[in-house]
Amino acid sequence: MSEPLVELSEPLWERSLKVTTAEETHAIGAALGGVLEAGDLLVLTGELGAGKTTFTQGLGEGLGVRTGIISPTFVLVRIHPNLPDGPRPGGPDLVHVDAYRLESAAEIDDIDLENTMDTSVTVVEWGRDRVEHLSDSRLEVELHRSVGGVGVVPATNDADSGTVLDFDTDDDDEPRTIVFRGFGPRWAEAPKLLETTISEGGN
């Protein structure tokens, strides 16, 4: 039986970006998706409406996976396969997880993410304190709204109608801050695209 991975509590670096539109959030996700590799683990946090789904849609575009990314609130996991005619043919699939209703690392283990980790990029919304044991490296992405989520109503699953209402509308254009933190050897240094974006944003 393999030894459990040591959980890293202190990031090796931190970078913050400010965006003003959902399009910019999407574009940063797409740029990051272009440099992600199979085995990468991203932990995505942020209040309702902060832009988590918009960011993940951008990641999917950069990775070149099948479109149609929505928050997997009720199915827990959605797998978006790499497209052979996309921008990164032969690249990793995207495994998109919503851990909002999962209360522990043990419940994460029950959905067997280990089976896809090595061949996919795994993005876990609400994953903090739940998925750190899955890899010796992780990239944390934290999205903050400048305006609080007042009046946001959590989604419900109407079993009678078959309708699923999503948690995260993510479609408001408002200022947001995106904080990136790198943990472990895979993220020993910040991706150059973050430095470029910060530099350009400050001009």
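This passage describes the sheet, the nonpolar cores and the salt bridges of a predicted model.

The model contains an open sheet of seven strands, arranged in the order S1-S9-S6-S2-S5-S4-S3 with mixed pairing. Strand S1 (13–19) and strand S3 (77–80) form the edges, each pairing on one side only. From one strand to the next, the twist averages 20°. Helix H1 (residues 22–33) packs on this sheet and touches S1, strand S2 (41–46), strand S6 (138–145) and strand S9 (176–183). The direction of H1 makes about 20° with that of S9. At the S3 edge, four bridges join S3 to strand S4 (residues 93–98), and the two strands run antiparallel. Within this pairing, Arg78 has His96 of S4 as its bridge partner.

In soluble globular proteins, nonpolar side chains tend to be buried together. In the present model, the largest nonpolar core comprises 26 residues, of which Leu32, Leu36, Leu42, Phe55, Val141 and Phe180 touch the most other members. Both strands and helices contribute to this core: S1, H1, S2, helix H2 (52–63), strand S5 (120–125), S6, S9 and helix H5 (192–201) each supply at least two residues. The surroundings of Phe180 illustrate the arrangement. When neighbours within four places in sequence are left aside, Phe180 is in contact with Trp13, Glu14, Arg15, Leu17, Ile28, Leu32, Phe55, Glu140, Val141 and Leu194. A second core, separate from the largest one, has 12 residues, including Leu41, Val95, Ala99 and Leu134.

The loop between S2 and H2 contains Gly51. Gly51 is buried, its relative accessible area being 1%. Although 125 residues separate Gly51 from Arg176 in sequence, the C-alpha atoms of the two residues are 8.4 Å apart in space.

Nine salt bridges are found in the structure. One of them connects Asp40 and Arg186, whose closest N and O atoms are 2.7 Å apart. Asp40 belongs to the loop between H1 and S2, and Arg186 to the loop between S9 and H5; the pair therefore ties together parts that are 146 residues apart in sequence. Asp40 is buried, with a relative accessible area of 3%, whereas Arg186 counts as partly exposed at 29% relative accessibility.

A further salt bridge is formed between the side chains of Arg128 and Glu140, with an N to O distance of 3.3 Å. This pair links distant parts of the chain, as Arg128 lies in the loop between S5 and S6 and Glu140 lies in strand S6, 12 residues apart. Arg128 is partly exposed, with a relative accessible area of 30%, while the corresponding value for Glu140 is 6%, and Glu140 is buried. Glu140 is also among the contacts of Phe180 listed above.

The side chains of Glu142 and Arg181 likewise meet in a salt bridge, at 3.1 Å from N to O. Here the link runs between strand S6, which holds Glu142, and strand S9, which holds Arg181, the two residues being 39 apart in sequence. Glu142 counts as buried at 11% relative accessibility, and Arg181 is buried with a relative accessible area of 16%. Through salt bridges that share partners, Glu14, Arg128, Arg138, Glu140, Glu142 and Arg181 are joined into one network.

How values were computed:
Residues numbered from 1 in each chain as written. Predicted model: local features only at pLDDT ≥ 70, side-chain atom pairs only at ≥ 80, totals over all residues. Heavy atoms only, no water. Pairing = 2+ DSSP bridges. Axes fitted to C-alpha atoms, helices over the stretch in contact; angles between N-to-C directions. Contact = heavy atoms within 4.5 Å. Core = buried A, V, L, I, M, F, W, Y, C linked by side-chain atoms within 4.5 Å. Buried < 20%, exposed > 50% of the residue type's maximum accessible area, 1.4 Å probe, protein only. Salt bridge = Lys/Arg side-chain N within 4 Å of Asp/Glu carboxyl O.
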